[in-house]
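Please describe this protein model for someone at the bench. Cover the fold, the helices, the buried residues, the cysteines and the aromatic rings.

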Amino acid sequence: MRISETNPWSVTLMCFLFLGALGVCVLGAVLVTSVILDIVAPGQGPSPSQTLIVATVVIALEVLLGTAVACLYGFMHNWTARFSGGLEVTLTDDLGDPIPVGSQDEVALDPQ
């Protein structure tokens, strides 16, 4: 199968959804870590609300920049696929050991 064109809108949307979900997970981890640190050593670091605000800003920038990069990748893939023919993917149900590349030529040339 040869993938010679992608839909940049689909790439952008999927990347936005993936990065958004990843951001929610990171935000939860930051909140839990901040609360635990506040319980263990109260008053030693920033409050959980300050930490949450900074994490939200960083995650929002990550989602926006990551989505923009994914959109550019979709367009660049289409542009380079016109010159190179695209990405070739082989799908098979054979789970055996692959034949090394060098020995394929030897098998084809050897009449035994």
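The report below starts with the overall fold and ends with side chains.

**Overall picture**

This is a predicted model. The mean pLDDT of the protein is 85. Of its residues, 82% reach 70 or more. Confidence varies along the chain. Helix α1 has the highest mean, at 95. Helix α3 (residues 101-109) has the lowest, at a mean of 55.

The protein has three helices and two strands. Along the sequence, they follow the pattern β-α-α-β-α. The protein has 112 residues, and 15% of them count as buried. It exposes about 8900 Å². Carbon and sulfur atoms supply 71% of that area. Now take contacts between residues at least 6 apart in sequence: 84% of them join residues at least 24 apart.

**Helix α1**

Helix α1 covers residues 8-40, which is 33 residues. From its first C-alpha to its last, α1 reaches 47 Å. That is close to the 48 Å expected at 1.5 Å a residue.

Which residues of α1 are buried? They are P8, T12, C15, L19, G23 and S34. These buried residues pack against α2.

**Helix α2**

Helix α2 covers residues 48-84. Its 37 residues should span 54 Å at 1.5 Å a residue. The end C-alpha atoms of α2 are 51 Å apart, which agrees. After α2 comes G85, whose phi is positive, near 95°.

The buried residues of α2 are P48, A55, I59, V63, T67, A70, G74, H77, N78 and A81. T67 shows what one of these positions touches. This threonine lies in helix α2 and is buried, at 12% relative accessibility. Set aside its neighbours within four places in sequence, and T67 is in contact with T12, C15, F16 and L19. Of these partners, T12, C15 and L19 are among the buried residues of α1.

**Pairs far apart in sequence**

Three residues of α2 can each be matched with a residue far away along the chain. I53 is found in helix α2, as is T56, and H77 lies there too. The table gives the C-alpha separations.

| Residue in α2 | Partner | Apart along the chain | C-alpha to C-alpha |
|---|---|---|---|
| I53 | L27 | 26 residues | 9.8 Å |
| T56 | V24 | 32 residues | 9.2 Å |
| H77 | S4 | 73 residues | 8.3 Å |

How exposed are these three residues of α2? I53 counts as exposed, at 56% relative accessibility. T56 is partly exposed, at 39%. H77 is buried, with a relative accessible area of 12%.

**Cysteines**

How many disulfides does the model hold? The count comes to zero. A disulfide needs two cysteine sulfur atoms within 2.5 Å. For C71, the closest cysteine sulfur is in C15, 9.7 Å away, so the two are too far apart for a bond.

Cysteine accessibility also varies. C71 is partly exposed, with a relative accessible area of 22%. C25 counts as exposed, at 55% relative accessibility. C15 is one of the buried residues of α1. C15 is also one of the contacts of T67.

**The aromatic pair**

The structure holds one aromatic pair. The rings of W79 and F83 have their centres 5.5 Å apart, with their planes at 90°, so the pair is edge-to-face. The cut-off for that class is planes over 60 degrees apart.

Where do the two residues sit? W79 and F83 both lie in helix α2, four residues apart, about one turn of the helix. An α-helix has 3.6 residues a turn, so residues three or four places apart point the same way.

Are these rings buried or exposed? W79 is partly exposed, with a relative accessible area of 43%. F83 is exposed, with a relative accessible area of 65%.

**Summing up**

The buried residues of α1 pack against α2. T67 of α2 is in contact with T12, C15, F16 and L19. The model has zero disulfides and one aromatic pair. Read helix α3 with its mean confidence of 55 in mind.

Technical notes. Residues are numbered from 1 along each chain as its sequence is written. This is a predicted model: local features need pLDDT of at least 70, side-chain atom pairs count only at pLDDT 80 or more; totals for chains, interfaces and linings use all residues. Side-chain values use heavy atoms; hydrogens and water are left out. Rings of Phe, Tyr and Trp (its six-membered ring) pair if their centres lie within 6.5 Å; planes under 30 degrees apart count as stacked, over 60 as edge-to-face and the rest as tilted. Buried means under 20% relative accessible area, exposed over 50%, partly exposed in between (1.4 Å probe, protein chains only). Contact means heavy atoms within 4.5 Å. Accessible areas come from the Shrake-Rupley method with a 1.4 Å probe; for residues, only the protein chains shown count as cover. The expected span of a helix is 1.5 Å times one less than its number of residues. pLDDT is the predictor's confidence in each residue, from 0 to 100.
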